[in-house]
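User: I would like to learn how to read the features of a structure one at a time, with the general idea given before each case. Could we begin with the ligand?

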Amino acid sequence: MGRNYPVRVSTDPNAQLHRDLAQAAGSRIAAQQPVWPDQAELQAAVAELASYPPLVFAGECDVMMTRMAAASQGEAFVLMGGDCAETFAGATANNIRDRIKTVLQMAAVLTYGASVPVVKVGRMAGQYAKPRSADLETRAGVSLPAYRGDMVNDFAFTPESRRPDPNRMVAAYHRSSATLNLVRAFTTGGFADLRHVHDWNKGFVSNAANQRYERLAHDIDKAMRFMAACGADFEAMRTTEFFAAHEALLLDYERPLTRIDSRNGLAYDTSAHFIWVGERTRAQDSAHVDFLARVHNPIGVKLSPKTSHDDVKRLLAQLDPDREPGRLTFITRMGSRAVSDALPALIEVVRSEGGVVTWVCDPMHGNTFESNGGYKTRNFDDIVAEVEGFFQVHRSLGTVPGGLHVELTGNDVTECLGGSEKILDTDLEKRYETVCDPRLNHQQSLELAFLVAEMLAQD
Ligand code: PEP
Ligand code: CO
């Protein structure tokens, strides 16, 4: 006879949390989700994700919240950057290093321009799911499911590749984990040393095409020498804080990675420090907005010129009822032509509601068009014009322009037109590598940072 052990009822708070999250979504609209062909396969992948360790820690999310709060007050400036859509094949050591390097170089220039700390945020380690304008893509009379990001299906236009495969969410977790591991190594192991970053920037302005930025680079150089003369502790500037962010689009990925924090009993989405909801998933009764309301990360919502006053009120009420600084970021993507007309009213609504949001400018998504050669592209000048408009609007209203959100790569791709390298329509085919939206290349990214630093220095 064996001994009778008491039956142990599972008290895992995360299992209950995941049930609650799934139930809450049930009555709401979850737009932009794939149609998974096999429910058993889906359940297995979700259970696997739920069993994995968190990718980020709740305490880090809290720290980021305080940084975003500082940005809402003008005491910090946020820089978010990375691919429109990360790919599994693109998650290589060199690509990750070069993207981090680009963000660090931009941040150094912006720190000088803004005279406040820059909150560095990678649009990476989870940016694997994309909203699409149609569920199906048709080529030469053949219709297949649209590519929804490597976390869902593959870019190649074949029935096998386009079949939504939940195991890809598990693969995305592992890619994100490896990416974060490298991010942590690069940003704490000496690679981020301000002196290196400064030297890289000197390399950028030594290129004849970038002469226009020599003056600012020279000023930064003088400031560095001044700091050295004063005995600044450069050793302490060998490391930097770096956060991860992505669009919380695929709920079957985000939910199992949501966990109760043992310190405070609150739920955090541990797939990233900061998550946002996009323009296409923020509507009334949205399952995505409801999900964000239930986690305690710093969060964002993208706003286009189509945003109504009621949308703003509803988002404030749902996502930041306590008006907690740093909690809610509005990422505005108006387009260079609409920004001056559309942004002020939204800011006024937030003000009249007593909201304390962090305003971040995404100058990419309102400025996309098709080139003569059929490439989805953006013009560097439109991007700069939207940032300028964003600053002007905030300046005239006495509110705080809190940061910048850009799609970029550390590589020398040819996806956006213009910049000092003068990328032309006919150049786009040379190195057009994105699987989604066109990104600023390394040079264009730095150029944008110099121009924004000049705008910030005027404040
Ligand atoms: C994106 O950030 O890639 C995106 C799809 O943006 P939006 O939701 O603003 O269209
Ligand atoms: Co995009």
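User: Which side chain has an N or O atom 2.8 Å from an oxygen atom of ligand 1?

Analyst: A polar contact is a pair of N or O atoms within 3.5 Å; within protein, one must be able to donate a hydrogen and the other to accept it, and residues adjacent in sequence count only if both atoms are side-chain atoms. Here the side chain is that of Arg-123, with an N or O atom 2.8 Å from an oxygen atom of ligand 1. A polar backbone atom of Glu-279 is likewise 2.8 Å from an oxygen atom of the ligand, and Glu-407 places a polar side-chain atom 3.1 Å from a ligand oxygen. This is a predicted model, in which local features need pLDDT of at least 70 and side-chain atom pairs count only at pLDDT 80 or more, while totals for chains, interfaces and linings use all residues. Side-chain values use heavy atoms, with hydrogens and water left out, residues are numbered from 1 along each chain as its sequence is written, and chains are lettered from A and ligands numbered from 1 in the order in which they are written.

User: Which residues are around ligand 1?

Analyst: A residue is near a molecule or strand if one of its heavy atoms lies within 4 Å of it. For ligand 1 the surrounding residues include Cys-84, Lys-130, Pro-131, Gly-278, Arg-280, Lys-302, Arg-333 and His-365, along with Arg-123, Glu-279 and Glu-407.

User: Turning to the strands, how many bridges join β9 to β10?

Analyst: Helices (H or I, at least four residues) and strands (E, at least two) are DSSP runs, numbered from the N terminus, and two strands pair if DSSP finds at least two bridges between them. Strand β9 (residues 299-303) runs parallel to β10 and is joined to it by five bridges, with Leu-303 standing opposite Thr-332. On to β11 (residues 358-361), the pairing of β10 is again in the parallel sense, over four bridges, and there Phe-330 faces Trp-359. Strand β8 pairs with β9 in the parallel sense over three bridges, Val-277 having Val-301 as its bridge partner. Strand β5 (residues 243-247) and β8 are also parallel, over three bridges, and Ala-245 stands opposite Phe-274.

User: Which helix makes a right-handed β-α-β unit with β9 and β10?

Analyst: A crossover is right-handed if, with the strands pointing away from the viewer, the path from the first strand over the helix to the second runs clockwise. The helix between β9 and β10 in such a unit is α11 (residues 309-319). Helix α12 (residues 339-352) forms a right-handed unit with β10 and β11, and α10 does so with β8 and β9.

User: Why is β10 described as largely enclosed by the rest of the structure?

Analyst: Buried means under 20% relative accessible area, exposed over 50%, and partly exposed in between (1.4 Å probe, protein chains only). Five of the five residues of β10 (residues 328-332) are buried, so the strand is largely enclosed by the rest of the structure. Leu-328, Phe-330 and Thr-332 point one way from the strand, and Thr-329 and Ile-331 the other. Helix α10 (residues 287-294) is also largely enclosed, because six of its eight residues are buried, among them His-288, Asp-290 and Phe-291. At the N-terminal end of α10, Ser-286 acts as a cap, with a side-chain oxygen 3.0 Å from the backbone nitrogen of His-288.

User: Which members of the largest nonpolar core touch the most other members?

Analyst: A nonpolar core is a set of buried Ala, Val, Leu, Ile, Met, Phe, Trp, Tyr and Cys residues joined through side-chain atoms within 4.5 Å. In the largest one, of 85 residues, they are Phe-330 and Trp-359. A second, separate core of 27 residues includes Ala-58 and Leu-249. Contact means heavy atoms within 4.5 Å, and, leaving aside neighbours within four places in sequence, the contacts of Phe-330 include Val-301, Leu-303, Val-350 and Trp-359.

User: Is His-246 buried or exposed?

Analyst: His-246, in strand β5, counts as buried, at 0% relative accessibility. Its side chain makes a polar contact with the side chain of Ser-271 at 3.3 Å.
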